[in-house]
Amino acid sequence: LGLDLDGLFLNTEEVQRLASELVTQLEAVSGKPDQILLISNVFFTYKPQLEETYKEYCVNYPNTILLESSYKKDEKIRTEISETLKTFEHLIGTCQTRELSFFLVKPVQRIGKYPLLLKSLLESTPTSDEGYMALEKATRAMEEINHNINEYKRLKEVASKYGKMETLSIRDKLNRINKHSIAKKASRLSRVIKHETGILPKVEDKDYNDLVETFNMLEKCVAALKESTANYITNLEHFHSLRPYRGPFELVKEHHTLCYQEFVNSLHQQTIPGFKERLQTMV
């Protein structure tokens with residue numbers, strides 16, 4: 001049917017594996033005298049894995065929905081998906097299982113429920129419990145995961161927005177100008193002027209400044225690498241233009257002459273052009 005399964009299901013297998021592993025760990029500590037402490041430790045321990053795995057899924061989820069919507073327009077694909085999903089009805093017992101989106105949204109919902117679950121557990125846990133502070137820590141960790149995912153999505157959307165802006169024609173850019181955009185840019189300019197003149201105090205963001213400094217350094221390094229690579233390729237082309245194997249040789253044995261000609265011929269006609277092409281592609 002020509003389905004893009006990788007684009008449709010993303011890293012679903014990794015999400016499922018991690019969720020099953022988390023459930024297993026939680027079931028193992030359930031019912032123990034210090035279960036609040038143990039449950040908190042499980043969530044806190046899995047924080048890096050949860051954030052990394054669900055971040056990848058959640059960020060690409062909008063594209064997945066667009067892809068799934070496009071498949072709905074194809075009757076053959078829609079029918080095939082519907083028939084396949086019917087096999088899950090005995091597990092869930094709902095007509096919603098005939099919609100693929102019902103399954104695709106589950107990871108997005110799940111990661112958002114973790115902090116709510118822990119917060120509810122925290123509210124019903126007495127402050128005197130030995131695991132109370134650990135539960136607070138785990139709750140903040142789950143909230144931080146969702147915050148980081150949302151922030152990462154926002155940055156990706158901003159980058160995508162400005163990436164699209166660069167491809168717009170001058171006419172398209174002019175058509176985007178309106179009262180709102182002019183007022184927004186005027187407000188930004190006014191704020192910059194006030195900061196520079198000292199009317200408003202500057203808000204220093206050390207992390208941001210460090211990132212800007214790092215970015216500028218990387219930009220210079222990339223520019224230097226590009227220039228060095230261009231010079232290297234130029235010298236390589238000059239070397240490639242030489243054809244010593246075509247000239248006469250005064251070697252003692254004819255066999256040695258033929259071997260040398262074959263080697264240099266292979267070097268100039270296959271090895272060097274292939275290396276140059278790969279180098280240009282990488283840089």
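Which backbone oxygen lies 3.4 Å from a polar atom of the side chain of Thr64? It is the backbone oxygen of Gly7, and I will come back to Thr64 after a word on the model. This is a predicted model, in which local features need pLDDT of at least 70 and side-chain atom pairs count only at pLDDT 80 or more, while totals for chains, interfaces and linings use all residues. Residues are numbered from 1 along each chain as its sequence is written, and side-chain values use heavy atoms, with hydrogens and water left out.

Thr64 lies in helix H4, and Thr64 is buried, with a relative accessible area of 0%, where buried means under 20% relative accessible area with a 1.4 Å probe, protein chains only. Leaving aside neighbours within four places in sequence, Thr64 is in contact (heavy atoms within 4.5 Å) with Gly7, Leu8, Leu10 and Leu104.

Turning to the largest nonpolar core, meaning buried Ala, Val, Leu, Ile, Met, Phe, Trp, Tyr and Cys residues joined through side-chain atoms within 4.5 Å, we find 35 residues, and Leu22, Phe43 and Leu50 are among those with the most contacts inside it. Helix H2 (12-29), helix H4 (47-72) and helix H9 (132-166) are among the helices that each supply at least two residues of this core. Leu22 itself touches Val42, Phe43, Tyr46, Leu50 and Tyr114, not counting residues up to four places away in sequence.

Finally, Thr12, Gln16, Phe103, Lys106 and Pro107 lie nearest the centre of the largest pocket, among its 31 lining residues; a pocket here is an open set of points on a 1 Å grid over the protein atoms alone, where a 1.4 Å probe fits, with protein on both sides within 12 Å along at least five of seven lines, and lining residues have an atom within 4 Å of a point.

Methods. Buried < 20%, exposed > 50% of the residue type's maximum accessible area, 1.4 Å probe, protein only. Helix = DSSP H or I, 4+ residues; strand = E, 2+ residues; numbered from the N terminus. Polar contact = N/O pair within 3.5 Å; in protein donor to acceptor, adjacent residues only side chain to side chain.
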